[in-house]
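Open the model in your viewer and keep the sequence panel visible. The stops below are given in the order in which to select them.

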Amino acid sequence: MTEETPGFDEKPDVPSGANSDDADPKAATPSEEEAAAPAGDVPQTAALTAQLDQVRTALNERTGDLQRLQAEYQNYRRRVERDRVTVKEIAVAGLLTELLPVLDDVGRAREHGELVGGFKSVAESLETVVAKLGLQQFGKEGEPFDPTIHEALMHSYAPDVTETTCVAILQPGYRIGERTIRPARVAVAEPQPGATPSAAKEEKADDEESGGTEEV
């Protein structure tokens, strides 16, 4: 005779072919919150992307503004520096122009042998100062006449020139850099009317040969 064990409940029968998970359909189905989570991330990502695009656009605009401002500042600095140099050159040119008559007197005194003693020392100091300021003297006998830097005060014809030539410097010219503050005042000579350049050269050569023979 078999005795039943008190307090033991028999487990209900489970149909064959069924899993234990099938017995709890609630546990197998995902919750509504879990199913809705991926769908909710899409709008949030789109919003962040739009904000990032706006920030990038604003950054590009500010960068462009900064570059334009920097370029304008560089142009302003160049204009200021150019104007400063121009004003300085004008001021120096004005001062040296006032000193040109004094330099002319010094040159004439040197030509006549009167540049001696203390006057010579003062004159040389003055010439040194104006040279440091950029003043340059120009104009030499025998150079071709250039109307942009020469002023012809006397005119003549000469058989030994092939072009209009400065034959005498009546007053030297002066310039600062490329800026002429006074043209050289000169006497010019032109070839004889009707003379060809070749004939002038031959005549000049003959004069030199005859001069050399006379010296011997």
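Which residue of β6 is the bridge partner of T165? Select T165 and look across to β6: the partner is A189. Keep in mind throughout that this is a predicted model.

**The sheet**

Extend the selection from T165 to the strands β2, β6 and β3. These three strands form an open sheet in the order β2-β6-β3, with mixed pairing. β2 (150-158) and β3 (165-171) are the edge strands, each with a single partner, so one side of each has no neighbour in the sheet. Measure the strand axes against each other if you like: neighbouring strands of this sheet are turned by 25° on average, with direction ignored.

Now take the two pairings in turn. β3 and β6 run antiparallel and are joined by five bridges. On the other side, β2 and β6 (residues 184-191) run parallel, and eight bridges join them. To find one of the bridges of the parallel pair, select H155, whose partner in β6 is V188. Strands of a sheet pair through backbone hydrogen bonds, either parallel or antiparallel, so showing backbone atoms is a useful display here.

**L96 and the largest core**

Next select L96, which sits in helix α2. Is L96 buried or exposed? Its relative accessible area is 0%, under the 20% limit, so L96 counts as buried. Show what surrounds it: leaving aside neighbours within four places in sequence, L96 is in contact with V130, L133, L135, I176 and I181. For one of these, L135, the C-alpha atom is 7.6 Å from that of L96, although the two residues are 39 apart along the chain.

Widen the selection to V92, A93, L96, L100, L103, V130, L135, Y174, I176 and I181; these ten residues make up the largest nonpolar core. Both α2 (32-111) and β4 (173-176) supply at least two residues of this core. The largest share, five residues, comes from α2. Another core lies apart from this one; it has five residues, among them F138, A184, V186 and V188. In soluble globular proteins, nonpolar side chains tend to be buried together.

**Helix α3**

Move to α3, residues 117-132. How far apart are the end C-alpha atoms of this helix? They are 23 Å apart; at 1.5 Å a residue, the 16 residues should span 22 Å, which agrees. After α3 comes G134, whose phi is positive, near 100°.

**The whole chain and its confidence**

Zoom out and colour by secondary structure. The protein has four helices and six strands, and from the N terminus on the elements run α-α-α-β-β-β-β-β-β-α. Of the 216 residues, 14% are buried. Among contacts with a separation of 6 or more, 67% are between residues 24 or more positions apart.

Finally, colour by pLDDT. The average for the protein is 79, and 71% of the residues score at least 70. Over residues 22-28 the pLDDT is below 50, and this stretch has zero contacts in the model beyond near neighbours in sequence. Residues 33-37 also stay under 50, with zero contacts beyond four places in sequence. Where pLDDT is low, the predicted coordinates should not be read in detail.

Technical notes: Residues numbered from 1 in each chain as written. Predicted model: local features only at pLDDT ≥ 70, side-chain atom pairs only at ≥ 80, totals over all residues. Heavy atoms only, no water. Core = buried A, V, L, I, M, F, W, Y, C linked by side-chain atoms within 4.5 Å. Buried < 20%, exposed > 50% of the residue type's maximum accessible area, 1.4 Å probe, protein only. Pairing = 2+ DSSP bridges. Axes fitted to C-alpha atoms, helices over the stretch in contact; angles between N-to-C directions. Expected span 1.5 Å × (residues − 1). pLDDT = per-residue confidence, 0-100. Contact = heavy atoms within 4.5 Å.
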